[in-house]
Amino acid sequence: MNCRKIKEIISTDYIDNELADKIRQEIDLHLHTCSSCRDFKNALVAIAVEPLRSSKTENPPDFLWAEIKNKLEQEPQAEAQRDLPFAFHSHWLNAVFVISMLLCTALAGNYFAAGILNSGAQKATQDTLELVNNLKLSEFNDIPNEQVETAYNDIIGG
Amino acid sequence: MDIQEISHDLLQQAAQGDIQAFEEIYKFASSFVYSVALRTVRNREDAQEITQEVFLKVFNNLKDFKFKSSFKTWVYRITVNTALNVIKKAGHDQSRQFEYNENMIIEKSCPEIAETTILDNQETEKKVNDLLAALTPEYRVCIILREIQGLSYEEIAQTLKTNINTVRSRLKRAREILLKRGGLVK
């Protein structure tokens, strides 16, 4: 192994004790004889390893558990409420809400059905008038509507 | 207290919603969760919020934890991801400003020693935080898990859901940056 490779191993597996014993011994032997690699290892430990390893673990402030506990105790209630598609606290209000929604749906259905029937009838009348126009019955313009209808029935054979 | 000491029974009790059992887990795990969060975001207020979020996530998901990975690795993963998300949401690494003077241990029984301890602690803290500030969040997390929490390459890889070679190369790169900062590598 050359110095470049050895420095690479020193900066990872060697310093982190992840090496197999055999390779570790090989590198230790090299460090005895190579001052460049030895200096590199010493600098690495002093600058990038020891200061971090000597830093202490910190405890969170005491009030933090109380806050977490408080949230945990509120959580099941909040979750139960999230399960409902509507979120009234009273069952009566929930029942009123459901009944209102059903009534609204029924009324809306009724309204739309009536609308569809109306528009169907209007369309039929419009089609008839269009047909009369297409037949170019302009000569009937001066006579009353009932007679136009009779003439129309005679022509069409209604 | 170490997270490794948490028993299977205690975890199962907490998984069933037992808050008292969960408090025991908190006692075992809170210092490392808080430390990892604090070193990653380098801001005490954010670290407290992250710690809170992590424990709420752990409590709510404990019933689905299948023990395929160790509990320790699982909690580390949640902590790291939550902390990295905070940095990401902020849009940039705001954590580069750090309060050095807070939370130093004061030995009230012996004021002279206490003064020296405070100064030593402040100096160490400053050094540690200067070093961590030089790294990107991804490299920083790797270094924190290795140097401060003492995780093996395998454990870091499991925590970060990556492979050992990626862990190795991130550690190598992070140390190169730190050496460069110290004027030792061009």
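Here is a friendly walk through the place where chain A and chain B meet. Keep in mind along the way that the model is predicted.

Let us begin with the contact as a whole. Chain B brings 42 residues to it and chain A brings 35. Between the two chains, about 3600 Å² of area is buried, and carbon and sulfur atoms give 65% of that. There are also 15 residue pairs in polar contact between chain B and chain A, counting pairs with both residues at pLDDT 80 or more. On the side of chain B that touches chain A, five helices each supply at least two residues: α2 (19–41), α3 (44–61), α5 (111–133), α6 (137–148) and α8. Of these, α2(B) gives the most, with 11 residues. Sorted by class, this side of chain B has 20 nonpolar, 12 polar and 10 charged residues.

Now look at one pair of helices that meet across the two chains. Helix α3 of chain A (residues 35–53) and helix α8 of chain B (residues 164–181) have axes that come within 10 Å and cross at roughly 100°. An angle from 65 to 115 degrees counts as roughly perpendicular, and therefore α3(A) and α8(B) are roughly perpendicular to each other. From α3(A), the residues making this contact are F40(A), A43(A), L44(A), I47(A), A48(A), V49(A), L52(A) and R53(A), while α8(B) offers R175(B), L178(B) and L179(B). Nine residues of this contact are nonpolar, two are charged and none is polar.

R53(A) deserves a second look. Besides taking part in the contact with α8(B), R53(A) forms a salt bridge with E147(B), where the closest N and O atoms are 2.6 Å apart. Side chains of opposite charge can pair when their charged atoms come close. Another such pair joins D16(A) and R146(B), with the closest N and O atoms 2.9 Å apart. This pair crosses between chains, running from the loop between α1 (3–14) and α2 (21–33) of chain A, where D16(A) sits, to helix α6 of chain B, which holds R146(B). How many salt bridges are there between chain B and chain A? The count is five, and the structure holds 16 over all chains.

Finally, let us stop at a single residue, Q48(B), which lies in helix α3 of chain B. Setting aside neighbours within four places in sequence, Q48(B) is in contact with P61(A), F63(A) and L64(A) from chain A, and with Y34(B) from chain B. Q48(B) and A37(B) are 11 residues apart in sequence, and their C-alpha atoms are 8.1 Å apart in space.

Definitions and conventions. Residues are numbered from 1 along each chain as its sequence is written. Chains are lettered from A and ligands numbered from 1 in the order in which they are written. This is a predicted model: local features need pLDDT of at least 70, side-chain atom pairs count only at pLDDT 80 or more; totals for chains, interfaces and linings use all residues. Side-chain values use heavy atoms; hydrogens and water are left out. Axes are lines fitted to C-alpha atoms, for helices over the stretch in contact, and angles run from 0 to 180 degrees between N-to-C directions. Helices (H or I, at least four residues) and strands (E, at least two) are DSSP runs, numbered from the N terminus. Angles under 35 degrees count as roughly parallel, over 145 as roughly antiparallel, 65 to 115 as roughly perpendicular and the rest as oblique. Contact means heavy atoms within 4.5 Å. Ala, Val, Leu, Ile, Met, Phe, Trp, Tyr, Cys and Pro count as nonpolar, Asp, Glu, Lys and Arg as charged, and the others, Gly among them, as polar. Buried area is the accessible area (1.4 Å probe) that two parts lose on being put together, summed over both. A salt bridge is a side-chain nitrogen of Lys or Arg within 4 Å of a carboxyl oxygen of Asp or Glu. A polar contact is a pair of N or O atoms within 3.5 Å; within protein, one must be able to donate a hydrogen and the other to accept it, and residues adjacent in sequence count only if both atoms are side-chain atoms.
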